[in-house]
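Hi,

Here is the structure I promised to pass on. Have a look at it first, and my notes follow underneath.

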Amino acid sequence: MPLTMVKEGEANVIKKVGGREETRRFLEGLGFVTGGLVTVISTIGGNMIVNVKDARVAIGKDMACKILV
């Protein structure tokens, strides 16, 4: 399921990062890699703050849809 459907506070394993090649590379540079853990901290107006690799990252809803857990 996409990251946008995850409940706040739940740790999930990233199964796949979709999108075009430059989008995948951008997300992987932020730490969204297959097999990594991601936790949703909060959701505000469709945008998300997530914890990935011991760092908090803000991503938009369109990017969050490309991350499958």
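To start with one residue: is V50 buried or exposed? V50 has a relative accessibility of 0%, so it counts as buried (buried means under 20% relative accessible area, exposed over 50%, partly exposed in between, with a 1.4 Å probe and protein chains only).

Before going further, some housekeeping. This is a predicted model, in which local features need pLDDT of at least 70 and side-chain atom pairs count only at pLDDT 80 or more, while totals for chains, interfaces and linings use all residues. Residues are numbered from 1 along each chain as its sequence is written, and side-chain values use heavy atoms, with hydrogens and water left out.

**The chain as a whole**

The protein chain has 2 helices and 6 strands, and along the sequence they come in the order β-β-α-β-β-β-α-β. Helices (H or I, at least four residues) and strands (E, at least two) are DSSP runs, numbered from the N terminus.

As for dimensions, the C-alpha trace spans about 30 × 25 × 20 Å along its principal axes. The radius of gyration is 10 Å, which agrees with the value near 11 Å for a compact globule of 69 residues. That radius is taken over C-alpha atoms, and the globule rule is 2.2 Å times the number of residues to the power 0.38.

Of the 69 residues in the protein chain, 35% are buried. The accessible surface comes to about 4,200 Å², and 53% of it belongs to carbon and sulfur atoms. These areas come from the Shrake-Rupley method with a 1.4 Å probe; for residues, only the protein chains shown count as cover.

On contacts (heavy atoms within 4.5 Å): among those between residues at least 6 apart in sequence, 54% join residues at least 24 apart.

For charges, there are 10 positive and 7 negative side chains, and the centres of the two sets lie 4 Å apart. Lys and Arg count as positive and Asp and Glu as negative, with His and the chain ends not counted. The place of a charge is NZ of Lys, CZ of Arg, CG of Asp or CD of Glu.

**How the strands pair**

Two strands pair if DSSP finds at least two bridges between them. Going along the sheet partners:

- β1 (residues 11-13) runs antiparallel to β3 (residues 37-44), with 3 bridges joining them; V13 stands opposite L37 in β3.
- β3 also pairs with β4 (residues 47-52), antiparallel, over 6 bridges, and T43 has M48 as its bridge partner in β4.
- β4 pairs in turn with β5 (55-59), in the antiparallel sense and over 5 bridges; here V50 is matched with V57.

Two of these pairs are hairpins. β3 and β4 have 2 residues between them, and G45 in that turn has a positive phi of about 60 degrees. β4 and β5 likewise form a hairpin with 2 residues between them.

The loop between β4 and β5 is worth clicking on. K53 sits there and has a phi near 50 degrees, a positive value in a residue other than glycine. D54 is in that loop too, and has a positive phi of about 60 degrees although it is not a glycine. K53 counts as exposed because its relative accessibility is 58%, and D54, at 79%, counts as exposed as well.

**Three buried residues**

Back to V50, which lies in β4. Leaving out residues up to four places away in sequence, V50 touches L3, F32, V38, T39, V40, I41, A55, R56 and V57. E28 is 22 residues from V50 in sequence, and their C-alpha atoms are 14 Å apart.

T39, one of those contacts of V50, is in β3. T39 counts as buried at 19% relative accessibility. With the four-place neighbours again not counted, T39 touches G9, E10, A11, I49, V50 and N51.

What does I67 touch beyond residues up to four places away in sequence? The list is M1, P2, L3, I14, K16, L27, F32 and I59. I67 belongs to β6 (residues 67-68) and, with 0% relative accessibility, counts as buried. I67 and A11 are 56 residues apart in sequence, with 14 Å from C-alpha to C-alpha.

Cheers
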